[in-house]
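Student: I've got this structure open and I'd like to zoom in on one part of it. Could you walk me through it slowly?

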Number of protein chains: 2
Amino acid sequence: MRTGQVAAEAGVNIQTLRYYERRGLLPEPPRRDSGYRSYGTKSVAVVRFIKRAQGVGFTLAEVEMLLHLAQGGPTDCEAVRDLAHEKVRDLDRRIESLHAMRVSLERLVETCDRPKRSRECPLIEALGGGPVAVGDGRLMNVAGERS
Amino acid sequence: MRTGQVAAEAGVNIQTLRYYERRGLLPEPPRRDSGYRSYGTKSVAVVRFIKRAQGVGFTLAEVEMLLHLAQGGPTDCEAVRDLAHEKVRDLDRRIESLHAMRVSLERLVETCDRPKRSRECPLIEALGGGPVAVGDGRLMNVAGERS
DNA sequence: CTTGACTCTGTATGCCGGTACAGGGTCTAT
DNA sequence: ATAGACCCTGTACCGGCATACAGAGTCAAG
């Protein structure tokens, strides 16, 4: 497959493919004599995976870890294991947050037309408490540590 | 409370508060005669909520919707309802994806040291299929529509 | 062998979410 | 009344994630 086809099937821009390649997310495909990239069909799945993972809140750096982890080097089983476990814990936290939001949202909808107004917002109450320490630190700079 | 205190308790930079204020995420607090902002304690919860929501994959634009929705204007109950439902569906999709990832990751770990190598990656297989249409369209430009 | 669609590389640009800095007031303790 | 910590506004800058454009080569159909 050529670039345009992969891009179309994966639902992304051609430039995006090249960008992922530069970032090391997408392995460099072999080239024809012309210099054209020649992708295997798996590439589409990989790109879609990247998009899904992103849509769910992972950064490209994290996606990269997931991918490398998925492609699992031969000997680094231990490392893969640890990383995977860490990611699973991360996922659990994310899922938990999403659940909490979901519950709050539904409660919000429920109480919405009952006491007309003046009900306090369950969303923020449910999720605004406690110090913020989300996932694995992306975007975080909690303690004001100099970056 | 003054800016610095809110920032410290919420675990963000002062500038971030002002940024959120500019974006309309954080309501403009009253000012002292000196011009200093004077926040109520709820602000901390709001900021924390923003951070959580972000950490879980919402953009600030989405967070803004959630917040406005949470603060629920008086009459827009219908609209609030719809929006909330939509967000809940969005959350469900996210949760589903995370679950799938979770399962795949664990399968990956399991099969990791069993057949030494050559097992195919369940992560990408599980999540690389089908067209990408995550959540509510953030980051998406699926059909190659000219923007 | 020309035309139009496609691809290549490289560089520039744009949006999002902050973060930093300059230049200046305010507050509090001594 | 002055030092030091804090806050104000405004503007500039940064990293992440793309996306666009320029200038040139490739390919398939007529």
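Student: What covers the buried residues of α1(B)? Please take a close look at that helix and then at what surrounds it.

Tutor: Sure, and keep in mind that we're looking at a predicted model. Find helix α1 of chain B, which spans residues 3–10. The buried residues there are Thr3(B), Val6(B), Ala7(B) and Ala10(B). Look at how they're arranged: they sit on the same side of α1(B), because they cover an arc of only 100° around the axis. There's a neat general reason behind that kind of pattern. An α-helix has 3.6 residues a turn, so residues three or four places apart point the same way. Now to what you asked: the cover over the buried residues of α1(B) includes α2 and α3 of chain B. Just past the end of α1(B), check out Gly11(B), which has a positive phi of about 80°.

Next, follow those elements to the DNA. Helices α1 and α2 of chain B, along with α2 and α3 of chain A, each give at least two residues to the surface near DNA strand D. In total, 22 residues are around that strand, and those that come nearest are Arg23(A), Tyr36(A), Gln54(A), Gly4(B) and Arg37(B). Of the strand D atoms within 4 Å of the protein, 72% belong to sugar and phosphate. You can spot some phosphate contacts yourself. The side chain of Gln54(A) has an N or O atom 2.5 Å from a phosphate oxygen of DNA strand D, and for the side chain of Tyr20(A) the corresponding distance is 3.0 Å. Leu60(A) uses its backbone instead, with an N or O atom 3.0 Å from a phosphate oxygen of strand D. The top contributor to this surface is α2(A), with five residues. Sorted by class, the surface near strand D has six nonpolar, ten polar and six charged residues.

Now swing over to DNA strand C. It is surrounded by 21 residues, and the closest are Gly4(A), Arg37(A), Arg23(B), Tyr36(B) and Gln54(B). Sugar and phosphate make up 72% of the strand C atoms that come within 4 Å of the protein. Chain B has some nice contacts to zoom in on here. Arg23(B) has a side-chain N or O atom 2.5 Å from a phosphate oxygen of DNA strand C, while a polar side-chain atom of Thr16(B) is 2.9 Å from a phosphate oxygen of that strand. Gln15(B) goes for a base: an N or O atom of its side chain is 3.3 Å from a base nitrogen of DNA strand C. The elements that supply two or more residues to this surface are α1 and α2 of chain A plus α2 and α3 of chain B. So you've met α2(B) as part of the cover over α1(B), and now you can see that α2(B) also gives the largest share of the surface near strand C, five residues.

Finally, zoom out to the protein interior. The largest nonpolar core has 71 residues, and Phe58(A), Leu105(A), Phe58(B), Met101(B) and Leu105(B) touch the most other members. Helix α5 of chain B, residues 77–112, gives the most to this core, with ten residues. As for chain A, you'll find six helices and zero strands, and 45% of its 147 residues count as buried.

Notes
Residues are numbered from 1 along each chain as its sequence is written. Chains are lettered from A and ligands numbered from 1 in the order in which they are written. This is a predicted model: local features need pLDDT of at least 70, side-chain atom pairs count only at pLDDT 80 or more; totals for chains, interfaces and linings use all residues. Side-chain values use heavy atoms; hydrogens and water are left out. A nonpolar core is a set of buried Ala, Val, Leu, Ile, Met, Phe, Trp, Tyr and Cys residues joined through side-chain atoms within 4.5 Å. Buried means under 20% relative accessible area, exposed over 50%, partly exposed in between (1.4 Å probe, protein chains only). Helices (H or I, at least four residues) and strands (E, at least two) are DSSP runs, numbered from the N terminus. A residue is near a molecule or strand if one of its heavy atoms lies within 4 Å of it. A polar contact is a pair of N or O atoms within 3.5 Å; within protein, one must be able to donate a hydrogen and the other to accept it, and residues adjacent in sequence count only if both atoms are side-chain atoms. The arc is that of the directions from the helix axis to the C-beta atoms. Contact means heavy atoms within 4.5 Å. Ala, Val, Leu, Ile, Met, Phe, Trp, Tyr, Cys and Pro count as nonpolar, Asp, Glu, Lys and Arg as charged, and the others, Gly among them, as polar.
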